[in-house]
Each structure stands twice: as structure tokens, then as C-alpha cells.
Amino acid sequence: MQQTQHFKQRLSQRGVTRKMVDFTLDYGKVDGDRWVLDRKNTDRMIEQLENELRVAKKIRDKGGIVVVADEDALITVYNYDSRRNQYK
């Protein structure tokens, strides 16, 4: 989206960064011509992101995982490192 001069001034005056604006545009609720991300929804988003981070760390600790699927059926799953170790 294009940024007006008014928008740029308000960012500076209110201590809002462009990343904060992008985050609000990505995760805020649309209310007419506004995107709203209030404290309650921000707290909920933080909780979801923390949960996803925990899962990502567990996957990293395993060396990654591989999921094999065919169309809409999940067939198997294994640790990524175990696959690489087969060929050593």
C-alpha cells in the first residue's frame, strides 16, 4: 500500500514502526476501513506464536522431521537426521 505523508508523520509522532503496521495488517481484525489489533488479541497472538516456537524448537532438536503423504493420506513420519544417517 502507498504511504501518505500524513501516515509517515503519525508513525514518527506515535512511535509506531513499519513492522508494527505490517503485523497489524497481517493479524488484525478488519473493521470497515480499519485493521485493529487490540491488547487482548495481541496477547492471544503472542501465546500462539510462543506455542509455535516451542514446536519448532522440538523439531530442531530432533534434527528436523520428514512427513510422507500421498494425496490426502499421511503415510509415515521420521526424524530427518535418521534418514541422513542411513547413507553414512
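Reader: Is Arg18 buried, partly exposed or exposed?

Author: A residue is called buried under 20% relative accessible area and exposed over 50%, with partly exposed in between. Arg18 has a relative accessibility of 30%, and therefore counts as partly exposed. Please keep in mind, here and in what follows, that this is a predicted model.

Reader: Which residue forms a salt bridge with Arg18?

Author: The idea is to look for a side-chain nitrogen of Lys or Arg within 4 Å of a carboxyl oxygen of Asp or Glu. Arg18 meets this with Asp22, where the closest N and O atoms are 3.0 Å apart. The two residues belong to helix 2 and, because they are 4 residues apart there, about one helical turn separates Arg18 from Asp22. Asp22 is also partly exposed, its relative accessible area being 32%.

Reader: How many salt bridges are there by this rule?

Author: The count comes to 3 salt bridges. Besides the bridge of Arg18 with Asp22, there is one that links Arg34 to Asp31, with 2.6 Å between the closest N and O atoms. Arg34 is partly exposed at 46% relative accessibility, and Asp31 is partly exposed at 42%. Another joins Arg60 to Asp61, and here the closest N and O atoms are 3.9 Å apart, a value to set beside the cut-off of 4 Å. Arg60 counts as exposed, with a relative accessibility of 57%, and Asp61 is exposed as well, with a relative accessible area of 62%.

Reader: Returning to helix 2, how should I read the rings of Phe23 and Tyr27?

Author: For two aromatic rings one looks at the distance between the centres and at the angle between the planes, and an angle that is neither under 30 degrees nor over 60 is called tilted. By this rule the count comes to 1 aromatic pair. The ring centres of Phe23 and Tyr27 are 4.6 Å apart and the planes stand at 45 degrees, so the pair is tilted. Both residues lie in helix 2, which covers residues 18-27, and they are 4 residues apart, about one turn of the helix. Phe23 is partly exposed with a relative accessible area of 29%, while Tyr27 is partly exposed with 39%.

Reader: How do strand 3 and strand 4 run, and how many bridges join them?

Author: To read a pair of strands, one asks about their direction, and then about which residues are partners. Strand 3 and strand 4 run antiparallel and are joined by 6 bridges. Among the partners, Ile65 is matched with Asn79 in strand 4, and Ala69 stands opposite Leu74, which is also in strand 4. The two strands form a hairpin with 2 residues between them.

Reader: What is notable about the backbone of Glu71, and where is this residue placed?

Author: Glu71 has a positive phi of about 55 degrees, although it is not a glycine. Its place is in the loop between strand 3 and strand 4, that is, in the turn of the hairpin. Glu71 counts as exposed, because its relative accessibility is 78%.

Reader: Which residues make the nonpolar surface patch?

Author: In reading such a patch, one first lists its residues and then asks which elements supply them. The patch is made by Val55, Ile59, Ile65, Val67, Leu74 and Val77, and covers about 540 Å². Helix 3 (39-61), strand 3 (65-70) and strand 4 (73-79) each supply at least two residues of this nonpolar patch. Leu74, in strand 4, counts as exposed at 72% relative accessibility.

Reader: How far is Lys57 from Gly28, in sequence and in space?

Author: The two separations are best read side by side. Lys57 and Gly28 are 29 residues apart in sequence, and their C-alpha atoms are 26 Å apart in space. Lys57 lies in helix 3 and counts as partly exposed, with a relative accessibility of 40%.

Reader: Where in the protein chain is the confidence lowest, and where is it highest?

Author: Where pLDDT is low, the predicted coordinates should not be read in detail. The protein chain has a mean pLDDT of 92, and 92% of its residues reach 70 or more. Confidence is lowest in helix 4, residues 80-86, with a mean of 67, and highest in strand 2, residues 34-36, with a mean of 97.

Definitions and conventions
Residues are numbered from 1 along each chain as its sequence is written. This is a predicted model: local features need pLDDT of at least 70, side-chain atom pairs count only at pLDDT 80 or more; totals for chains, interfaces and linings use all residues. Side-chain values use heavy atoms; hydrogens and water are left out. Patches are made of residues with over 30% relative accessible area and no salt bridge: like charges are joined within 9 Å, nonpolar side chains (Val, Leu, Ile, Met, Phe, Trp, Tyr) within 5 Å. Accessible areas come from the Shrake-Rupley method with a 1.4 Å probe; for residues, only the protein chains shown count as cover. Buried means under 20% relative accessible area, exposed over 50%, partly exposed in between (1.4 Å probe, protein chains only). pLDDT is the predictor's confidence in each residue, from 0 to 100. Rings of Phe, Tyr and Trp (its six-membered ring) pair if their centres lie within 6.5 Å; planes under 30 degrees apart count as stacked, over 60 as edge-to-face and the rest as tilted. Two strands pair if DSSP finds at least two bridges between them.
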